[in-house]
Amino acid sequence: ATKISALSLTSKKRHGHKITMVTAYDYPSAMHVARAGIDIVLVGDSVAMVELGHPTTQPMTLEAMLHHCQAVRRGVQQANNNNHNNAEPLLVGDMPFASYEYEDTDIALRNAYRFIQEAGMDAVKLEGGSVARARTARKLVEGGVAVMGHVGLTPQSISVLGGFRAQGRTAIRARAVLDDALRLQDAGCFAVVLECVPSNVAAAITESLEIPTIGIGAGNHTSGQVLVFHDMLGMTSHPHHEQFVPKFCKRYAQLGHIIQEGLQEFKRDVESGAFPNEEYSPYQMKENERRDFE
Ligand code: KIV
Ligand code: NA
């Protein structure tokens, strides 16, 4: 099967073909995303929130990220073995908070190598586009690691930003987001995520860059779109969690409802004795053994 590469993504942008990216955190979600023919599978540090119940992405550690990346790698491989028609997706691992911010860029490079060597990722993603961050991105690229950038709302900096809110909403702030994206392109990033910026800002950035932009809460004028698996599939249908699904996120399924129905039906069946019936009681003794036993 063919394999999606950084180069094929740039080619998609040039030809006006939209790029799709969805997060996955484990073996089954990776199989689903790969089987759907999504271009890029992102092992996002959003795993901290949607899978582990943390209020932010900050608690996610390097070791924990690698653990999830390894499972996703196996899921994508399995999906690819089962179906050779789809192009194999590009696998991107999110570098977590505190794994690439040190001034010593060797630390970031060493950590990035772990995503490639220990977890089978094709690329890593890091947040922010400051001069220092661009220097880190360049260090990784020079070390042979493909890097995806991420600007606009950068959730790892939530304590500094003051909340999950849109970025680049004034002319000056919009220019700053554009400058971040340009710096990351200059540093050698192959694509950049634009999170929670106004549509016209995302459009201007996409226009200014050669490399593709992948939007989330950034309107329809980016080179592609990314959504979080649990949010887009309605996994968290618990009323308390509704408020955490961002308003830009379309729900393409209501998995939470389906899961609840299944669980509640199992409970009813067990409590009434309807499960397991003959059909689900497959293990029988041979008649003579049975006579001896009973
Ligand atoms: O962690 C994540 O899911 C992400 C995407 C929202 C881009 O970084
Ligand atoms: Na992330």
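Here are some notes on this predicted model, going from the overall layout down to single residues.

1. Overall layout. The protein has 294 residues, and 42% of them count as buried. Its secondary structure comes to twelve helices and eight strands. Taken along the principal axes, the C-alpha atoms fill a box of roughly 85 × 40 × 40 Å. As for how the chain meets itself, take the contacts between residues at least 6 apart in sequence: 60% of these join residues at least 24 apart.

2. Domains. The division is into domain 1, covering 6-253, and domain 2, covering 258-293. Going by C-alpha atoms, the centres of the two are separated by 44 Å. Lys 13 and Ala 71, discussed further down, both have numbers inside the domain 1 range, while Pro 276 has one inside the domain 2 range.

3. Ligand 1. Which residues sit around ligand 1? They are Thr 23, Leu 42, Gly 44, Asp 45, Ser 46, Asp 94, Val 193, Ile 216, Val 226 and Val 228. By type, this shell splits into five nonpolar, three polar and two charged residues. A few of the shell residues can be placed on strands that come up again below: Asp 94 belongs to S3, which runs 90-94, Val 193 to S6, which runs 191-195, and Ile 216 to S7, which runs 213-216.

4. Helix H5. This helix covers residues 105-117, so to speak 13 residues end to end, and its first and last C-alpha atoms are 18 Å apart, close to the 18 Å expected at 1.5 Å a residue. Its buried residues are Ala 108, Asn 111, Ala 112 and Phe 115. Looking down the axis of H5, these fall within an arc of 100 degrees, so they line one face of the helix. That spacing fits the usual rule: an α-helix has 3.6 residues a turn, so residues three or four places apart point the same way. Asp 106 and Gln 117, on the other side of H5, are exposed. The cover over the buried residues includes helices H4 (62-82) and H6 (131-142), along with strands S3 (90-94) and S4 (123-125).

5. Helix H9. Here (199-208) the buried residues are Val 201, Ala 202, Ile 205 and Thr 206. Viewed down the axis of H9, they fall within an arc of 135 degrees, so they too line one face of their helix. Asn 200, Glu 207 and Ser 208 are exposed on the other side. What do the buried residues of H9 pack against? Their partners are helix H8 (171-187), strand S6 and strand S7 (213-216).

6. Lys 13. Worth a look, this lysine lies in helix H1, residues 6-14. Is Lys 13 buried or exposed? Lys 13 has 20 other C-beta atoms within 10 Å, so it counts as buried, the cut-off being 20 or more. Beyond its neighbours within four places in sequence, Lys 13 is in contact with Pro 212 and Ser 223. Asn 85 is 72 residues away along the chain, and its C-alpha atom is 22 Å from that of Lys 13.

7. Ala 71. This one is in helix H4. With 18 other C-beta atoms within 10 Å, Ala 71 is partly exposed. Neighbours within four places aside, its contacts are Asp 26, Tyr 27 and Ala 30. Ser 29 is 42 residues from Ala 71 along the chain, with 9.6 Å between their C-alpha atoms.

8. Positive phi. Two residues other than glycine to check in the backbone. Ala 98 has a phi of about 75 degrees and sits in the loop between S3 and H5. Having 14 other C-beta atoms within 10 Å, Ala 98 is partly exposed. The other is Cys 196, where phi is near 55 degrees. Cys 196 is in the loop between S6 and H9, and with 21 other C-beta atoms within 10 Å it is buried.

9. Cis peptide. Phe 275 and Pro 276 are joined by a cis peptide bond, with omega about 0 degrees. Where does Pro 276 lie? It is in the loop between helix H11 (255-272) and helix H12 (287-293).

Methods. Residues numbered from 1 in each chain as written. Chains lettered and ligands numbered in written order. Predicted model: local features only at pLDDT ≥ 70, side-chain atom pairs only at ≥ 80, totals over all residues. Domains from an automatic or database assignment. Helix = DSSP H or I, 4+ residues; strand = E, 2+ residues; numbered from the N terminus. Expected span 1.5 Å × (residues − 1). Buried ≥ 20, exposed ≤ 12 C-beta atoms within 10 Å, placed from the backbone. Arc of directions from axis to C-beta. Contact = placed C-beta atoms within 7 Å. Near = placed C-beta within 6 Å. Nonpolar A, V, L, I, M, F, W, Y, C, P; charged D, E, K, R; others polar.
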